[in-house]
Amino acid sequence: MSRPVPRAVLAVCVLLVTAWGALALWFQLSRPGGYAAIALWSLAGLAATIAIARGAGKWPGTRALVTGAVALAVLLGWWFSLTPSHERVWADDVSRMLVSRVDGDRLVLHNVRNFDWRTETDYTPRWETRDYDLAGIVSADLIMSYWMGPHIAHTLVTFGFRDGKQLVFSLEIRKERTETFSAVGGFFRQFEQVIIASDERDLIRTRSNARGEQVYLYRLRATPGQLRAVLLAYLERAEALRRQPEFYNTLTSNCTTILYELAHRIAPDLPLDYRLLASGHFAEYAYDQDALTPGVPYAVLQQRGHINARARQADIDGSDFSRAIRVGVPGIR
């Protein structure tokens, strides 16, 4: 009576592996050629699942198990042969990679994005060279942009300088010209990743105004030395990606995990937390670590940090975007 349970568990595991393989093939292989591979893989997986569930130890059950094992070996060999690349036909907004040069306190950035977004698909592309005074870093803000419900958000960090300049960083998927974002595809090596450095009117405004996402801004609590360290860590990570491409992963290598990775360098005792995966709650995690403006309830920080109305008004009256979105945000004078 004890044998059916292990067989059932093993059958479920094989079924899950079959589903994983089918999705991997779906997101990687061009269609219609990929349909045949998906069909053959699925048939082999289903046959192996049925053979295990029936307790097959004789032919043709054994043949189904052997066929499934061979198919899995071939699939894994193909999967681990996939390599990220910089040599693709990229979408305009991720076509260039950040290049930085630090000379003492002077930071020079090439390929700073400053697109003028009218809608998500109507824009004027601009890539610029800009310089910043690292000795003049005075602030950093956490940006949370919600595009798929309350539990998933895109996280960005923007640095403020004494001369009024703002510089925002975002880890993004590096999609090809014909691709669109897919959270599921992000599990299956569909995209490379890239770090974009941008003007706030680009990375933030495109989300609040052009895309209509719900965007929140929180002042981060950190010393100038810590801010400089995080900014330089972003540049280091961007340079590493420029030299060696990496795949984006929806779960383990995304816009939120990189922020934790960089912050962890400054505060090694930062705890792991489910909110690092449920990115829509990352601001709450930062609040619990005393990384946001102190002395103000989180609900108030969230309510007053919602920038959409101010961002749209800045378009109407032509006011300074960076200044307008910070009006009334706790911790910002």
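Two strands count as paired when DSSP finds at least two bridges between them. With that in hand, let us walk through this predicted model, starting at a hairpin.

The hairpin is made of β6 and β7, with six residues between the two strands. In its turn sits Gly-149, whose phi is positive, at about 85°. Strand β7 covers residues 153-161, and nine bridges join it to β6 in an antiparallel arrangement. If you would like one place to look, find Ser-145, which stands opposite His-154 in β7.

Strand β6 has another partner to meet. It also pairs with β10, again in the antiparallel sense, over six bridges. Here Leu-142 has Tyr-218 of β10 as its bridge partner. How enclosed is β6 by the rest of the structure? Largely so, because nine of its 10 residues are buried.

The rings of two tyrosines also bring β6 and β10 into one picture. Tyr-146 lies in β6 (residues 137-146) and Tyr-216 in β10 (residues 214-219), so their pairing ties together parts that are 70 residues apart in sequence. The ring centres are 5.6 Å apart and the planes stand at 90°, which makes the pair edge-to-face. Tyr-146 is buried, because its relative accessible area is 12% and the cut-off for buried is under 20%. Tyr-216 counts as buried too, at 17% relative accessibility.

Now let us turn to the interior. The largest nonpolar core has 71 residues. Among the residues with the most contacts inside this core are Leu-109, Met-144, Phe-159 and Phe-169. Tyr-218, the bridge partner of Leu-142, belongs to that group as well, and so do Leu-231 and Tyr-234. Which element gives the most to this core? That is helix α6, with eight residues. A second, separate core has seven residues, including Ala-22, Leu-25, Ala-44 and Leu-75.

Leu-109 is a good residue to pause on. Leaving aside neighbours within four places in sequence, Leu-109 is in contact with residues that include Leu-98, Val-99, Tyr-132, Leu-167, Ala-197 and Leu-235. Some polar or charged names appear on that list too, among them Ser-100, Glu-128, Thr-129 and Arg-130.

Helix α6 itself runs over residues 224-243. Its length is easy to check: at 1.5 Å a residue, the 20 residues of α6 should span 28 Å, and the end C-alpha atoms are 29 Å apart, which agrees. Many residues along the helix are buried, including Leu-227, Val-230, Leu-231, Tyr-234, Leu-235 and Leu-241. Arg-237 and Glu-239 are buried as well. Glu-236, also in α6, counts as partly exposed because its relative accessibility is 47%. From Glu-236 you can look across to Gly-305, which is 69 residues away along the chain, with 29 Å between the two C-alpha atoms.

Aromatic rings offer another trail to follow. A search of the whole structure finds 19 aromatic pairs. One of them joins Trp-20 and Phe-188, and it is tilted, with 6.4 Å from centre to centre and 40° between the planes. Trp-20 lies in helix α1 (residues 4-28), while Phe-188 lies in the loop between β8 (166-174) and β9 (192-198), so this pair ties together parts that are 168 residues apart in sequence. Are the two residues buried or exposed? Trp-20 is partly exposed, with a relative accessible area of 27%, whereas Phe-188 is buried, at 6%. Ring pairs link both of them with Phe-27, Trp-78 and Trp-79 into a cluster.

Charged side chains meet rings as well. Arg-113 lies over the face of Phe-115, at 5.5 Å from the ring centre. The charged end of Lys-165 sits over the ring of Tyr-132, 5.5 Å from its centre.

Finally, two loop residues have a backbone feature worth finding. Most residues other than glycine have a negative phi. Arg-189, in the loop between β8 and β9, has a positive phi of about 55° although it is not a glycine. Arg-189 counts as partly exposed, with 22% relative accessibility. Asp-290 has a positive phi too, of about 60°, and is not a glycine either. Asp-290 is found in the loop between α8 (282-288) and α9 (298-305), and at 54% relative accessibility it counts as exposed.

Notes. Residues are numbered from 1 along each chain as its sequence is written. This is a predicted model: local features need pLDDT of at least 70, side-chain atom pairs count only at pLDDT 80 or more; totals for chains, interfaces and linings use all residues. Side-chain values use heavy atoms; hydrogens and water are left out. Helices (H or I, at least four residues) and strands (E, at least two) are DSSP runs, numbered from the N terminus. Buried means under 20% relative accessible area, exposed over 50%, partly exposed in between (1.4 Å probe, protein chains only). The expected span of a helix is 1.5 Å times one less than its number of residues. A nonpolar core is a set of buried Ala, Val, Leu, Ile, Met, Phe, Trp, Tyr and Cys residues joined through side-chain atoms within 4.5 Å. Contact means heavy atoms within 4.5 Å. Rings of Phe, Tyr and Trp (its six-membered ring) pair if their centres lie within 6.5 Å; planes under 30 degrees apart count as stacked, over 60 as edge-to-face and the rest as tilted. A charge sits over a ring if NZ of Lys or CZ of Arg is within 6 Å of the ring centre and within 35 degrees of the ring normal.
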